[in-house]
Amino acid sequence: MATTRKKPSKGAKPHRKLTMHSSQAKTDDSIMGTNDSSIVSKRSVSKLYLPSDPDFYEPFVQKFVRRNPLINRGYWLRMHAIEQVVKRFLQEPSGKSKVVVNLGCGYDPLPFQFWHRHPSLSKDATFVDVDYPQLIGRKRDRILTNNVLRDALIETNLRPAALPVFLRSNRYLALGCDLRELELLEKLLKAEFDDATCSILFVAEVSLTYMPQTDSDALIQWAGTLQDARFCLLEQYLPQGSDHPFAQTMLKHFEKLQTPIHAVKTYPLLRQQGVRFLEAGWSSLPLARNLWDLWSDNDFTPPELRHHLDTVEPFDEWEEFALFAGHYFLLVASTHKTALPGAVNPQTPEEESTDAENALAPSIVITRHPSAAGTSLQPRRFGAAFALDPDCIAYNGGQGPQQRLESTDLLSRGDARACIQPGPSPQARICHSITSLNSSEALLVGGRKSPSQALADCWLMSNNSGWQPVQDLAPARFRHCSVQVTVPISASETVGVLVFGGKSSSGAVLDDWCLWTPNHGWQKISQDGPRPAGRFGATICTIRDEKSRGLLVGGMDAYGTVVADYVWEWQVAATPDLRLHFTDRTRDVNAVPAEVSYSRMGAQLLHFGNQLLLLGGVAGKDIGDLASNSLLISPGTTINIQRPDVSVSDASWPLLVGTGAVAVSDGEIIVAGGGAVCFSMGSFWNQDHYSITREDAIPQPRSCRVSQLETVREGHTLKPTPRLNGTGRAARTTPHDPKTRPVPRIRVESTDTFAELIAASKPAIIEGLDIGPCTGLWSLEYLKNKIGSDREIVVHECESDRMTFKDKNFQYVKKTTGDFLDGIAQGAKTYLRAVSSTQPNKHPTKLEEDFPTIAPDFKLPDMLSSIHDTYHSSPLRISGPVSLWLHYDVLANVLCQVKGTKTLRLYPPSDAKYLDFPPGGSSSNTNVLTSRDPKLRRTHPHIAALKPGDVLFLPPMWAHTATPEDGWSVAVNVFFRNLNAGYAAGKDVYGNRDLQAYENGRRDVERVVKAFKGVPDDMAQFYMDRLAAELQETAEKRGRQGR
């Protein structure tokens, strides 16, 4: 083996200070932890998509967990990409022995998969697994105790091995070697293989990026000194830099896990990764493309294979899949100067726009309009936006942080007071369309619940009469496109809605064109001549004032790729029956720059002055910047498409996926909502709303008034209840929602400051505290492994997304920790409020006693150390997408948010009389999230929005309810006594036993009532009312003194 290479970095030297070693060991443990999560996802893919394979992953995953479709599809593509590269390498006719070295292999069973799927290709190849010694040791043990893996290995002539070779056979080696120790790695490989007679493929699937940059560069350079080598690298990159919302979310995710990805800091772009290899001595790059591009390549991922995936599980997370795949690349470097047979030609990196192109590019401005104090838009994506009138925009339905929504957000300007009238309304849905017919009416069409549950119902919305159901459109569909048209019917022109394509519940891609008019309902429109094939996620718009002619752009075909026939012109004509004529205008397109991707899926096409604006969505090969997602189209004899110069008023990008956009004037478009699930790395939501204008325009902000309407059950009358009022006078339809106040965010600099906070008895969110490594470590998988998958716990289980104490719509269920956490990961409405593991009815729970394996990860910040003096309990709280009922605690406590985000609604003690607490009970009978009880108008709710690391101080008697915002949440409550006296004697397991004075007072009330025995009822009421008034007056006086 060749020996010319860079010296190992300082971080690889064996003699380090103890503190450095401990820090590095912790980092190594975190990196190995990423393998645990990855292998669970790969097992999910294998079980679903590769049912003919033996369960190679079973020895490494205690229990099968079915991941969601997005994660399954993403990991399938990763696994497919690696398999294709290895297979093509083994197919190369070289006359040499083939060696596949998997660097940072984890528990990946690549050799066993190839022996099973490609026996003839792999019979003369040797597979080498390399990873940390401790991980390879565990892998060896699990292989040898599993019949399937052990028997496959024995067939390759398993032989004795001496460390650091953990397993050895004629066709397999398992090496325990830190990849930073190049001298050892070279020595081990040199002892086994002759460089002159071997072709070696190094595979690194998301492993090198966790290494310090100098170490990974040294490894790449050393591998390039071998005579006949390939290097396959699959990992993350930043095609649009770290400002892109997906990139932001991804980088924060790995930082939280304490496993930062290093390569993207030095080599954020794919072309920089290519230069990295070429400058390290590699001769050529047979392949350098992102995974989204490779997904659409019919040679790399055949259409029938892509289509087969949809038959396994319904899938509709296309934009989010594209964002994931567009941020991962596959690069193959070779020591050969020419591309090898079967390899994919390298992709030429995009060139920067020329100065001439930039000079000619029109300019547009995207302006963010922060919500006014006390208002906010409901986070939602894949809803539908429409104009109620020129000064009021509505955004309906869509996917919220926890569930699909049926509510509607209203954005108004000036004195506009449009609102949606009460009455029946469409059920929650996403991927539907709403098309304005005029200034006061709009038509809602279809949409879906799940990808296999398309909706056929259609609704007409009128400012005067609210939502009214109209004729259904069959077949049911979602991801269709729609546009307002004017068509000649019965010798007059009629305004209607033209709908094309979409997807049905069965997954069929539709190609029909349907027209709805007020007098005739739905009718199919015949088409003449060549026509666009079926598609979904396309966009459609009329050409300026010609209301019967327009353009159809983009969309996705049945094989999961953005269509190639980019632009069609359509026209509705009466000859004498209504018919559609089409012209393929793709060849008439003149794009500047030429390589701009204007065929998109999930985009919106809107009028913008004398042009059209193609906004958002995803292109077929790569992830574009804001300018590429905001293309200007000028229809004519030639269709000119320009990539504008875009400036953003805010430092953060909006994510133009799942947004709702409306053209409110010739030169202004309003954009609301939008966001995406960023694979397994969290979610990104656009905040507030945006306007898109020409450079010389001055956008006017809109206030936000939000209506939440629920479907009315037959026999019930339901009034709309706005979630938050905006600026100006409250609308007449919003009487029930009291004004909310944000809980202040503060910093506690000393124990004295915290003592002052306790004395003030007001809630506050404390920022900047260190609660330990739990914020990075406590993933659901980590908790399952540390607590023990088989440990039994008692949890609340609910079918609704809101637990109510009065109706007891939940039950207590005993589950294993593994089942509970797996359910949480898949959206189960379950909730754990830990209790004592020894005597739950007698003793309060304490994290250090009941969860000793994770307790060291959490610590009470030093500034809060006074809590230790009167410490009561520290329950662990893990919640799925379900809200807890309103209740109060008698003990003071701090709620330490560890994972996920959570919103709490709090009410001061003075509001207790409006919140329907039963006598002697600390849980309210009122569901404050849905109740329309007029008493609630007099309350003073406070909102606390918590993110990981936040610590909420909750004073005694502040009633509160909590709702996770990201699907699941992990927190630790620490209860303590803040009074010197007054607590009731005896046990208090939950920290909510009322004070002794109250318990005594309730007994006194009973004696007062008995004293009026024999007194006429009306006289008894007279005197008891007077006594109650005296008590109430005293209570209010004490309350004023306290304030």
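**Exercise 1.** Place Lys-337, which lies in the loop between strand E8 (328-334) and helix H15 (355-360), in its surroundings within this predicted model. Is Lys-337 buried or exposed, and which residues does Lys-337 touch?

*Solution.*
- Step 1: Take the relative accessible area of Lys-337, which is 72%.
- Step 2: The cut-off for exposed is over 50%, so Lys-337 counts as exposed.
- Step 3: Leave out residues up to four places away in sequence; Lys-337 then touches Ser-283 and Ser-284.
- Step 4: For a longer view, go to Tyr-983, 646 residues from Lys-337 along the chain; their C-alpha atoms are separated by 82 Å.

**Exercise 2.** Now try a helix: how many residues of helix H14 (residues 318-325) are buried?

*Solution.*
- Step 1: Go through the helix with the cut-off for buried, under 20% relative accessible area.
- Step 2: The buried residues of H14 are Trp-318, Glu-319, Glu-320, Phe-321, Ala-322, Leu-323, Phe-324 and Ala-325.
- Step 3: That makes eight of the eight, so helix H14 is largely enclosed by the rest of the structure.

**Exercise 3.** Back to the surface: which residues form a nonpolar patch with Leu-144?

*Solution.*
- Step 1: Find Leu-144 in helix H5 (residues 133-144).
- Step 2: Leu-144 has 33% relative accessibility and therefore counts as partly exposed.
- Step 3: Its patch partners are Ile-154 and Leu-158, and together the three have about 220 Å² of accessible area.

**Exercise 4.** Finally, find how far apart the C-alpha centres of domain 2 and domain 3 lie.

*Solution.*
- Step 1: The domain assignment gives domain 2 as 363-705 and domain 3 as 741-984.
- Step 2: The C-alpha centres of these two domains are 41 Å apart.

Definitions and conventions
Residues numbered from 1 in each chain as written. Predicted model: local features only at pLDDT ≥ 70, side-chain atom pairs only at ≥ 80, totals over all residues. Heavy atoms only, no water. Patch = residues over 30% accessible without salt bridge, like charges linked within 9 Å, V, L, I, M, F, W, Y side chains within 5 Å. Areas by Shrake-Rupley, 256 points an atom, 1.4 Å probe, with all protein chains shown as cover. Salt bridge = Lys/Arg side-chain N within 4 Å of Asp/Glu carboxyl O. Helix = DSSP H or I, 4+ residues; strand = E, 2+ residues; numbered from the N terminus. Buried < 20%, exposed > 50% of the residue type's maximum accessible area, 1.4 Å probe, protein only. Domains from an automatic or database assignment. Contact = heavy atoms within 4.5 Å.
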